[in-house]
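Work through the exercises below with the sequence and the model side by side, trying each task before reading its solution.

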Amino acid sequence: MDLQVSTEMSITLGEDGVSMEVVAEEQLYCVCQTPWDANNRRFMIHCDHCQNWFHGDCVDITEKESQWIDSYSCPRCEKFAGPSKCKILRTYTVYNKER
Ligand SMILES: [Zn+2]
Ligand SMILES: [Zn+2]
């Protein structure tokens, strides 16, 4: 009986694993609700609160600016978690725009 149960369980788990993978691929990211595109080389930033990913240009953050961000809050999480936290700039005294 134990063997039968474990066989059934492994089949069920296998099927679930497949369907979970499909769900994960269809998950929508960012404020623009776009599925993950592995070929997309756009810069993305990770929200530390909702664990979602956002396109830099959708949330108005450039890749360069992101290096100063220690803990990013997306527009939704900003409302309860407060704004993104910046790193304390010790070695780099000023954020100099190149132009
Ligand atoms: Zn986006
Ligand atoms: Zn968030």
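Two residues are in contact if their C-beta atoms, placed from the backbone, lie within 7 Å. The model is predicted, so that local features need pLDDT of at least 70 and side-chain atom pairs count only at pLDDT 80 or more, whereas totals for chains, interfaces and linings use all residues. Residues are numbered from 1 along each chain as its sequence is written, while chains are lettered from A and ligands numbered from 1 in the order in which they are written.

**Exercise 1.** Determine which residues Ile61 touches, and whether Ile61 is buried or exposed.

Solution. Begin with position: Ile61 sits in the loop between β4 and α2 (63–66), where helices (H or I, at least four residues) and strands (E, at least two) are DSSP runs numbered from the N terminus. Not counting residues up to four places away in sequence, Ile61 touches Ile45, Gly56 and Ser66. Ile61 counts as buried because it has 20 C-beta neighbours inside 10 Å; the cut-offs are 20 or more for buried, 12 or fewer for exposed, and partly exposed in between.

**Exercise 2.** Compare Cys30 and Gln51 in phi and burial.

Solution. Take phi first: it is near 70° in Cys30 and about 60° in Gln51, positive in both although neither is a glycine. Most residues other than glycine have a negative phi. Next, Cys30 lies in the loop between β1 (28–29) and β2 (34–35), and Gln51 in the loop between β3 (44–46) and β4 (53–55). Finally, Cys30 is buried, with 21 other C-beta atoms within 10 Å, whereas Gln51 is exposed because it has 9 such neighbours.
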